Amino acid sequence: MINKTIKPTKCITIGVLLLVVIVGVFYFYHNDPSAGDAVFLRCPSHLIFGIYCPGCGTQRALHHLLHLEIREALRYNALFVLAAPFAIYGIAIKTYNFMFDAKKTTRIPTNRTVWIGLLLLVLLFGIMRNVSVYPFTLLSP
């Protein structure tokens with residue numbers, strides 16, 4: 001049985017996290033990381049080594065996703081765009097479980113083989129986006 005009441009401390013925690021998310025979404029919606037007129041984090045691997053990591057372009061992709069410009073978001077970081085719905089789903093389930101002391105599980109397989117496969121996918125994406133031969137050049141932000 002699920003407890004439908006939420007403790008006050010959980011309300012405060014969820015409220016603070018929700019506020020942080022809203023402020024972050026507002027900031028990314030109204031500030032374009034490509035424009036350079038706002039403060040955004042720079043990628044350490046690109047800054048130091050000159051290579052694109054699997055996360056390069058994520059901030060620009062998020063900005064374009066918030067504006068519903070899917071093609072442009074895919075151009076900056078396709079892996080992020082494709083993984084975002086799964087991450088949002090997982091976070092929503094975890095938040096629901098936290099709030100209501102529930103035990104809902106995700107329908108996404110989370111065994112060791114899946115995690116190893118995801119790690120290999122991220123590593124392969126990071127390698128492929130640094131290959132300067134077409135069609136791999138399409139993966140660089």
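**Salt bridges and a helix crossing**

Trainee: At 39% relative accessibility, which exposure class does D101 fall into?

Mentor: This is a predicted model, in which local features need pLDDT of at least 70 and side-chain atom pairs count only at pLDDT 80 or more, whereas totals for chains, interfaces and linings use all residues. Residues are numbered from 1 along each chain as its sequence is written, and side-chain values use heavy atoms, with hydrogens and water left out. Buried means under 20% relative accessible area and exposed over 50%, with partly exposed in between (1.4 Å probe, protein chains only). At 39%, D101 therefore counts as partly exposed.

Trainee: Which residue forms a salt bridge with D101?

Mentor: A salt bridge requires a side-chain nitrogen of Lys or Arg within 4 Å of a carboxyl oxygen of Asp or Glu. The partner has a relative accessible area of 12% and is therefore buried. The closest N and O atoms are 2.5 Å apart, and the partner of D101 is K10.

Trainee: How far apart in sequence are the parts that D101 and K10 tie together?

Mentor: Helices are DSSP runs (H or I, at least four residues), numbered from the N terminus. D101 lies in the loop between helix 4 and helix 5 (112–128), while K10 belongs to helix 1, so the pair links parts separated by 91 residues.

Trainee: Which residue forms a salt bridge with E72?

Mentor: E72 and its partner both lie in helix 4, three residues apart, about one turn of the helix. Their closest N and O atoms are 3.1 Å apart, and the partner of E72 is R75.

Definitions and conventions:
Helices (H or I, at least four residues) and strands (E, at least two) are DSSP runs, numbered from the N terminus.
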